[in-house]
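Here is a short set of exercises to work through with the model open in your viewer. Try each task yourself before reading its solution.

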Amino acid sequence: MDKHSPIIALIGNPNSGKTALFNALTGLNHKVSNYPGVTVERKIGKAKINGVVVNILDLPGTYSLIPESQDEAIVVAEVNQWMKMVKQPICIISVVDSTNLNRNLYLTSQLLDLGIPVLVALNMTDLARKKSLNIDAGQLQKKLGCTGVVPIAARLEEGIDDLMNVIKTILDKKHPSENHHMIPLPEPIRDALQPISNWFEKQKHFHSRMAQAQALRAVSSNNNRQFKEDGLLILIETARRTVDNLGFPHSTLEATVRYHWLDQIVPPTIINIKTNTRSERIDNILTHPVFGPFIFVGLLAFIFQSVFTWATIPMNWINNGISVFGDGVSRMIPAGVVRDLTIEGIIGGAGAILVFLPQILILIFFLALLEDSGYMARLAFMLDKAMTMVGLHGRSVLPLMIGYACAIPGIMSTRTINSWRERLVTILVTPLMSCSARLPVYALMIGAFVPEKQVWGFFGLKGLTMILMYFLGTITALVLSFFFSRWIKAEHSRSFIMEMPPYRLPMMKSILRQVYTRGKVFVTDAGKIIMAISIGLWFLASFPRNEMDNRTNSEISSSYASKIGHLIEPVIQPLGFDWKIGIGLVTSFAAREVMVSTLATIYNVEGKDDKIVSLAEALKNDVDPVTGKHIYTPLVALSLMVFYVYAAQCMATFAVVRRETNSWKWPLIMIIYMTGLAYFASLIVYQGGLWLGFA
């Protein structure tokens with residue numbers, strides 16, 4: 001953020017469209033979704049308005065300035081800084097849902113007390129029009145006493161120019177002066193709060209309106225930790241007793257006062273309410289207590305089956321393209337170390353992982369559809385009781401579903417869970433959801449060792465195997481949640497409240513943008529790691545070279561990589577793994593998908609010519625020179641896939657867990673339990689398979 005540029009802050013309720021407006025103002029492409037709580041941390045972007053560069057600050061959604069979860073605490077911490085005149089914005093854009101104006105303006109009323117110019121963005125006016133809601137922006141501005149009220153539809157980028165014009169007047173210091181009157185309080189209530197208001201005016205130098213608002217919040221808040229200053233808590237407790245005696249429960253005092261004021265500003269609008277809306281008719285089917293869970297499981301099965309079957313053709317195109325490219329480069333570069341490094345290490349190793357990009361993109365596409373349609377929010381509601389039984393929370397659904405794409409954003413999205421225990425349990429089990437980094441390992445083993453067969457006349461055996469891997473991780477996550485929730489000390493119970501967004505037809509522009517962004521991250525961010533490891537591994541697998549420099553098996557077996565692998569082999573041999581997989585297990589701690597590029601590099605170095613080898617064929621044809629038996633079998637493939645369902649190979653995930661829990665204790669526990677679970681599950685699969693006669 002440019003420290004010298006003015007700041008404009010976007011604040012609003014969850015799912016009010018803040019990030020869509022942020023993208024419209026800045027031209028950025030941050031993720032938006034039809035699900036409350038997608039934004040969980042502050043985001044900064046730049047916009048040029050009337051020749052002035054401004055910083056646009058997008059904050060997580062919150063219903064009020066009394067935080068109930070970590071993402072809401074981020075907003076309150078930011079507002080507290082403003083109250084101290086630190087990094088104060090020149091303007092707050094209060095983003096409100098036009099279809100639910102009364103509830104959304106509660107937060108706006110709190111923002112008005114700060115004394116900072118507040119511009120109300122009436123978002124989703126397209127939906128308001130469909131519901132025949134007519135809002136007089138001018139009258140609303142006058143009654144609220146704010147800088148302006150501008151109707152917009154951020155998703156459609158309607159009204160953005162009007163909003164920018166009002167911002168220009170603020171930058172030019174030409175905005176109309178706000179009505180700084182305080183929210184009216186009954187005289188006995190005002191008298192009870194006055195000592196606290198006086199304290200804030202004297203000790204914190206707040207102006208009268210902000211002092212009264214803070215006094216109101218202090219009396220209503222259940223969190224006394226932030227008010228333990230110089231006898232302030234004594235004043236608060238005295239005011240609470242007085243308020244309770246007057247017949248106003250102190251815990252709901254602020255809500256009672258503000259909603260009473262808003263009811264006078266926003267009178268009830270007469271709407272022709274349909275008793276059976278389209279969303280309700282869809283919910284009667286999709287969230288049915290009996291059929292709903294089966295529909296959900298069926299959807300997941302369809303998605304995972306599609307991930308394997310639909311990606312076959314583009315995967316073949318990419319695979320053939322890499323082979324052709326490798327052959328072309330081989331003819332251009334003279335024989336020697338440089339050509340070997342380029343073909344075997346860079347193209348053969350790093351290029352092998354690109355083959356699985358179509359599967360990752362298909363998975364991201366379906367998950368984005370579920371979020372943007374509004375179905376994901378219904379899942380949270382529908383599965384709340386089941387989640388509670390295993391120690392999770394209804395809001396755990398989104399992190400777990402995001403975990404199918406990547407555990408890192410899934411873990412970060414747990415900030416919306418207001419119970420620390422349930423949030424921590426969700427963090428601990430989210431990495432068990434089979435993320436897109438595991439897809440290349442599954443696809444490689446399934447493609448090489450699972451035959452093409454139809455099961456029940458509908459599922460292909462390859463696709464069904466993929467589904468089983470995903471469900472194995474999911475079921476294990478739920479079982480472990482049950483035990484973790486009983487091990488971790490419980491706090492007082494929390495209620496589950498979530499606003500159900502309406503079903504919406506997903507915007508393909510937004511969906512494809514998410515797919516493109518995730519694909520780009522995979523190719524660039526993960527690609528850098530894979531490239532670096534592939535080059536390093538090539539050197540380990542290629543040296544020391546003998547004087548004749550013959551490309552033979554005996555040469556790679558005497559390489560540094562082979563020596564490291566054989567050192568590991570006794571530990572992993574009971575799982576059916578050889579030294580080559582052992583090297584892959586070590587390198588994939590950086591990123592799970594590195595396992596594939598590791599094996600590709602080793603087999604390309606081992607090859608006797610300069611052509612890019614087919615990794616699947618190389619695995620199927622690899623034979624033990626002593627026994628003459630195939631090293632890799634369907635049983636070994638199954639053992640390896642089960643290992644990767646549970647394995648802890650992702651250091652970036654554990655770094656995020658350290659940040660989210662503010663402790664090394666939990667990532668270490670996660671590494672230990674996941675590694676142990678992976679080892680023993682793989683051991684049971686392989687040794688049990690041998691005992692049953694599956695060699």
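**Exercise 1. Count the aromatic pairs, then characterise two of them.**

Start with the rule: rings of Phe, Tyr and Trp (its six-membered ring) pair if their centres lie within 6.5 Å, with planes under 30 degrees apart called stacked, over 60 edge-to-face and the rest tilted. Applied here, that rule gives 22 aromatic pairs. Take F484 and W487: their centres are 6.3 Å apart and their planes make 45°, so this pair is tilted. Both sit in helix α22 (residues 461-487), three residues apart, which puts about one helical turn between them. Helices here are DSSP runs of H or I with at least four residues, strands are runs of E with at least two, and both are numbered from the N terminus.

Next, check burial, where buried means under 20% relative accessible area, exposed over 50%, and partly exposed in between (1.4 Å probe, protein chains only). F484 is buried at 10%, while W487 is partly exposed at 48%. Now F539 and F543: at 6.0 Å centre to centre and 15° between the planes, they're stacked. F539 is partly exposed at 37%, and so is F543, at 26%.

A word on the ground rules: this is a predicted model, so local features need pLDDT of at least 70 and side-chain atom pairs pLDDT 80 or more, whereas totals for chains, interfaces and linings use all residues. Residues are numbered from 1 along each chain as its sequence is written, and side-chain values use heavy atoms, leaving out hydrogens and water.

**Exercise 2. Find a ring cluster and a charge over a ring.**

For the cluster, follow the ring pairs that link F304, Y404, Y442, Y470 and F471. For the charge, look for NZ of Lys or CZ of Arg within 6 Å of a ring centre and within 35 degrees of the ring normal. R378 over the face of Y503 fits, at 4.1 Å from the ring centre.

**Exercise 3. Explain why C406 has no disulfide partner.**

A disulfide needs two cysteine sulfur atoms within 2.5 Å. The closest cysteine sulfur to that of C406 is in C435, 6.3 Å off, so it's too far for a bond. C650 is in no disulfide either, its nearest cysteine sulfur being that of C435 at 6.6 Å. Both cysteines are buried: C406 has 19% relative accessibility and C650 has 14%. The final tally for the structure is zero disulfides.

**Exercise 4. Check the length and burial of helix α27.**

The expected span is 1.5 Å times one less than the number of residues. For the 13 residues of α27 (residues 594-606) that gives 18 Å, and the end C-alpha atoms are indeed 18 Å apart. As for burial, 13 of the 13 residues are buried, so α27 is largely enclosed by the rest of the structure.

**Exercise 5. Place S94 in its surroundings.**

S94 belongs to strand β4 (residues 91-97) and is buried at 1% relative accessible area. I11 is 83 residues away along the chain, yet the two C-alpha atoms are separated by 5.2 Å. Leaving out neighbours within four places in sequence, the contacts of S94 (heavy atoms within 4.5 Å) include I11, T108 and L111.

**Exercise 6. Summarise the whole chain.**

Count the secondary structure: 31 helices and eight strands. Then box the C-alpha atoms along the principal axes, which gives roughly 95 × 55 × 55 Å. Finally, buried residues make up 54% of the 695 in the chain.
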